[in-house]
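Colleague: I am new to this structure and should like to understand the terms used for it. May I ask how each one is justified?

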Amino acid sequence: MLKKHLYKYTVYSFTFSGFLIFVSCVPQSKYSAPKFEIPDNYRTQDSLKVSNDSTNIADIDWKSFFEDTQLLSLIEKGLEYNFDIQTALKNIEIADQKIKQTKLEWLPSLGMDIGNVSYQYRSENYYGTPSSNYYKHKGSDAPDKMYVNSAQYITGLSLSWELDIWGKIKSKNIEALAQYLQTHEAKKAIQTELIAKIAEGYYNLLLLDAQMEVAETNYELTKNTLRIVELQRDAGQITSLAIQQTKNQMLVAKALIPSLKQQIAVQENAISLLTGQFPQDIERQAKLATVEYEETLSVGVPLYMVNYRPDVKAAELELKAKNAAVGVAQTNRYPELTIDLSGGVNSMLGKNWFDIPGSLFGSVIGKLAAPIFNNRKLKTDFEVAKLERNKAEINLQKTVYTAITEVTDALNNLSTIDEQIEIAEEQVSTSRLGVKQSNLLFNSGYATYIEVINAQKNMLDNELNLNKLKQNKLLSRVQLYKSLGGGWK
């Protein structure tokens, strides 16, 4: 007897040891961060002024980066009421519920039949007789049609537990966690995009206000010129052609005014929507010409920036999730070990339902099930999961390269904008002097009305261009801040 037990335990030991060795030999899908070649410096990194105490833009939050109080108020309202932000928050809540559920995958499933009553009815042509002497206990014979073939009264508990011998549940947890963190990074990306859009819209309003001032000033100037030309025409000094050409220049400036009013209304409505409000006036006291920022900021190195951008983080989390999905698809191809327990009371007659211990039942089932042939479905799922992981890795590399390109573009814009503004300011100064001198010469009879009109046209174009360049500087600054991660850490 002792030898028999020793033999049995030896067989069990070798079987269990072989099982553990087999498990340890199963390849696992472990995540390793991909390595990309990233330059040490941006192509135009010296384009920003950098002092010894400069601060990296990626370390500054939006409240410190933007200094206009009215712009800050709009951003705060947008972060609270914007519809995309609210949707992102709901996505986070959904992902949070899923990860809570995934964390409990380790535990067994428990179910209960509180009161399961089952009757099966048959007729005389059915091949069979009433089971369990049901009618004998009732003291009657079974009828010919629709008799009770069997009856069951069951109340019991059932437990099913899948043992995570291959790490499938662990892979599911990793996948769910990565997807949950993705929703947070998506919310950060949406917030960064929202802040940039509100700032761009606000600066566009300042541009439109400045252009309106230029158009109105030029309109009044050409009106005065037209009155002088009309007086000279009445005196017989010039022809009606001069009036027509001067009036045409006046109408060019006048036509800008209603167009700019329309653009201002559309831009105010767009900002209202971004802040989750109905269309309304947007309060602003700042002037485009007075908005200045003293830059003592640095942009850091590309690798430093990559660690902060929400879209880069989200892309890497997507890769982690896809890698974990490979692990899930991989383990689906291996045997599944489950333990099922059930117990309770079961009776044919309702009066004996809770007759204990007579109606007690119980069962224990251990099952090791392995897929053998499933029309290649499991292998296909595994191969597709690996390809999806490869796609996620390509997308991560694309996101990193795109991020560095966006920063480089923003730096290129900032590197030349000051020089462009300086030239434009000189053009405006020269054109204003030209208008002044042409008017004096025209009034003295030493210049023609054509020279006056051309001087006014040049001044209008140059002033509009200068305002646009000043706005471009503000927009380039916003784009640089956005491309560097929007202050997230």
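Modeller: Helices, of at least four residues, and strands, of at least two, are DSSP runs numbered from the N terminus. The model itself is predicted. Arg 284 lies in the loop between α7 (240–274) and β4 (297–298).

Colleague: Why is Arg 284 called buried or exposed, as the case may be?

Modeller: Buried means under 20% relative accessible area. Arg 284 has 19% relative accessibility and therefore counts as buried.

Colleague: What makes the side chains of Arg 284 and Asp 209 a polar contact?

Modeller: The limit for a pair of N or O atoms is 3.5 Å. The side chains of Arg 284 and Asp 209 are joined at 2.5 Å, and those of Arg 284 and Glu 268 at 3.0 Å. Beyond its neighbours within four places in sequence, Arg 284 is in contact with residues including Gln 70, Tyr 202 and Leu 205.

Colleague: At what angle do the axes of α3 and α6 cross, and why is α3 called oblique to α6?

Modeller: The axes of α3 (residues 69–81) and α6 (residues 168–234) come within 10 Å and cross at roughly 140°. Angles over 145 degrees count as roughly antiparallel, and 65 to 115 as roughly perpendicular. The crossing falls in neither range, so α3 is oblique to α6. The crossing is right-handed.

Colleague: Which residues make this contact, and how are they divided by class?

Modeller: Among them are Gln 70, Leu 71 and Leu 74 of α3, with Gln 191, Leu 194 and Tyr 202 of α6. By class, the contact of α3 with α6 has ten nonpolar, three polar and no charged residues.

Conventions
Residues are numbered from 1 along each chain as its sequence is written. This is a predicted model: local features need pLDDT of at least 70, side-chain atom pairs count only at pLDDT 80 or more; totals for chains, interfaces and linings use all residues. Side-chain values use heavy atoms; hydrogens and water are left out. Buried means under 20% relative accessible area, exposed over 50%, partly exposed in between (1.4 Å probe, protein chains only). A polar contact is a pair of N or O atoms within 3.5 Å; within protein, one must be able to donate a hydrogen and the other to accept it, and residues adjacent in sequence count only if both atoms are side-chain atoms. Contact means heavy atoms within 4.5 Å. Axes are lines fitted to C-alpha atoms, for helices over the stretch in contact, and angles run from 0 to 180 degrees between N-to-C directions. Angles under 35 degrees count as roughly parallel, over 145 as roughly antiparallel, 65 to 115 as roughly perpendicular and the rest as oblique. A crossing is left-handed if the near helix is turned anticlockwise from the far one by less than a right angle, and right-handed if clockwise. Ala, Val, Leu, Ile, Met, Phe, Trp, Tyr, Cys and Pro count as nonpolar, Asp, Glu, Lys and Arg as charged, and the others, Gly among them, as polar.
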